[in-house]
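Here's a quick briefing for anyone opening this structure for the first time. Have a look at the sequence and the model, then read on.

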Amino acid sequence: MNILIVGGGGREHAIAAALKRSPKVEKLFCAPGNAGISRIAECFPVKATDLDGIVELSKKLKPDYVFVAPDDPLVLGLVDRLNEAGFKTFGPRANAAILEGSKAFSKALMKKYGIPTAAYETFTDAAKAIEYIKEKNSYPAVIKCDGLALGKGVIIAQDLAEAEDAVKSMMIDQKFGKSGAEVVIEEFMDGTEVTVLAFTDGKTVKPMVSSMDHKRAFDNDEGLNTGGMGTIAPNPLYTNEIAEECMKNIFVPTVNAMRTEDRPFKGCLYFGLMLTKEGAKVVEYNCRFGDPETQVVLPLLETDLVDIIEAVYEEKLDGLDIKWSGNSCACVVMASGGYPEKYETGKEISGLNEDGQLSDGSAFVYHAGTKLENGKFLTSGGRVLGVTATGGDLSSALDSAYKAVGEISFDKAHSRTDIGRRALSQNK
């Protein structure tokens, strides 16, 4: 079987590595890919958002499946286009990907079907949004762009001045383009965040191992929100009791709601959850594998990923028993200095072998923002590498991941030193 993966980050490298383990896979293609992915898949310089280009490439390569990984092409309708051209796909169609494409839509869906989430209001007028914030006078206040914003379109304002700045940057200055034309203002939920990715064929939902992301740029959860500076799996706070509660009150109702709305969701559905005193609530939905959550979840998958892709496509997920390792996994992101704001690229990465890995195999290095020039690995993005290790417990996985981070370097490299620390302390 030949499979084309659409995307070019750490998540796509993790998906490619998982597919590479399958005895059913003969050849992997990726568009556009990156330097690390190019060592296990043939890469083509077609942007994930170039829908015409991806369809044409698919016609040329004739893959058995096209795995659409990032949010942008899913929301733009790449799966629809590929299906129309006769290709089997993994990923939701545009009318289901709206769960991530519009926060206003997802909040309205939760309200309609009684799925627990934060109280909210939506606004298309900046003055009215600020008026509402003043009226509520409750801080922190959560202000979100309605549309996609690379994981950065959420601001948690600590006071009125910060809230006004957030509304102004999104709606008036258009910092996030059209994504900020409408904003969602939510009550702040106090609790612990958990991410649960789930496979679903539109009828059956099968959750994966839980994980914990670390969004802030610096230690102790300080600095700006990023796309994610590291992850651990499983999340020790996500107990079996909470998992049962989420299945009953959130996961199954969401999949059923989408089917009822004639928007069946097929692919990977990402549940961003907050464990509050009142129980688990939805922070956000994503319409695809998370990044860097995928980097710690897929290494723990024991079932052949190809079998899952086929079961999802054929709507036979209820007949598949998905097995997971009992180990822990940790991923530490090495980012360019200055990320998530201004940063330089083109820095040579040292410590990696010709496959972009550590020679001793103590950890797996998922490439996110890298390119290959004259046989050298160079930085080409904000998040550069996701250094990932598994272990019998979280502590040993983290030790291995951080030891590996110490063996890799590039100019102005930045990584958090406290990934998983909170989970370890809470697990005692």
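What follows is a short tour of charges, cysteines, rings and one helix.

Keep in mind that this is a predicted model. A search of the whole structure turns up 32 salt bridges and zero disulfides, and the count of aromatic pairs comes to eleven.

**Asp-201, a buried charge**

- Asp-201 sits in strand β10, which covers residues 192-201.
- What is the nearest side chain of opposite charge to Asp-201, and how far away is it? That's Lys-203, at 5.2 Å. A salt bridge needs the nitrogen and the carboxyl oxygen within 4 Å, and Asp-201, although buried, has no salt bridge.
- The side chain of Asp-201 does have backbone nitrogens around it: a polar atom of that side chain lies 2.8 Å from the nitrogen of Thr-204 and 3.5 Å from the nitrogen of Lys-316.
- Setting aside neighbours within four places in sequence, Asp-201 is in contact with several residues, including Phe-265, Lys-266, Ala-311 and Val-312. Glu-315, Lys-316, Leu-317 and Asp-318 are also among its contacts.

**Salt bridges across the chain**

- Lys-203 turns up again here, in a salt bridge with Glu-315 (3.8 Å, N to O). Glu-315 is in the loop between α11 and β18, while Lys-203 is in the loop between β10 and β11, so this bridge ties together parts that are 112 residues apart in sequence.
- Both ends of that bridge are partly exposed: Glu-315 has a relative accessible area of 34%, and Lys-203 has 45%.
- Glu-310 and Lys-24 also meet through their side chains, in a salt bridge of 3.7 Å from N to O. Because Glu-310 belongs to helix α11 (residues 305-313) and Lys-24 to the loop between α1 and β2, the pair joins parts 286 residues apart in sequence. Lys-24 is partly exposed, at 38% relative accessibility.
- Asp-411 and Lys-347 make another salt bridge, at 3.0 Å from N to O. They are 64 residues apart, with Asp-411 in the loop between α12 and α13 and Lys-347 in the loop between β18 and β19.
- Is each partner in that bridge buried or partly exposed? Asp-411 is partly exposed, with a relative accessible area of 43%, whereas Lys-347 counts as buried at 18%.
- Some charges team up in a bigger group: Asp-221, Arg-416, Asp-418 and Arg-422 are linked in a network of salt bridges.

**Cysteines without a bond**

- Why is there no bond between Cys-268 and Cys-287? The cysteine sulfur closest to that of Cys-268 is the one in Cys-287, but it is 9.2 Å away, which is too far for a bond. For a disulfide, the two sulfurs would have to be within 2.5 Å.
- It works the other way round too: the closest cysteine sulfur to Cys-287 is in Cys-268.
- Cys-268 counts as buried, at 2% relative accessibility, and so does Cys-287, at 1%.

**Aromatic rings**

- Eleven aromatic pairs are counted. One of them is Phe-271 with Tyr-285: their ring centres are 5.7 Å apart and their planes are at 70°, so the pair is edge-to-face.
- Phe-271 is in strand β16 (residues 266-276) and Tyr-285 in strand β17 (residues 279-286), so the pair ties together parts 14 residues apart in sequence. Both residues are buried.
- Phe-364 and Tyr-366 form a tilted pair, with 4.8 Å from centre to centre and 50° between the planes.
- Within that tilted pair, Phe-364 is partly exposed with a relative accessible area of 31%, while Tyr-366 counts as buried at 5%.
- Four phenylalanines form one aromatic cluster: Phe-67, Phe-90, Phe-199 and Phe-289.

**Helix α5 and its surroundings**

- Which residues of helix α5 (residues 94-101) are buried? They are Ala-96, Ala-97, Leu-99, Glu-100 and Gly-101.
- These buried residues pack against three helices, α3 (71-76), α6 (103-113) and α9 (240-260). They also pack against strands β16 and β17, the strands that hold Phe-271 and Tyr-285.

Terms used. Residues numbered from 1 in each chain as written. Predicted model: local features only at pLDDT ≥ 70, side-chain atom pairs only at ≥ 80, totals over all residues. Heavy atoms only, no water. Helix = DSSP H or I, 4+ residues; strand = E, 2+ residues; numbered from the N terminus. Buried < 20%, exposed > 50% of the residue type's maximum accessible area, 1.4 Å probe, protein only. Lys, Arg positive; Asp, Glu negative; His and termini not counted. Polar contact = N/O pair within 3.5 Å; in protein donor to acceptor, adjacent residues only side chain to side chain. Contact = heavy atoms within 4.5 Å. Phe/Tyr/Trp six-rings, centres within 6.5 Å; stacked < 30°, edge-to-face > 60°.
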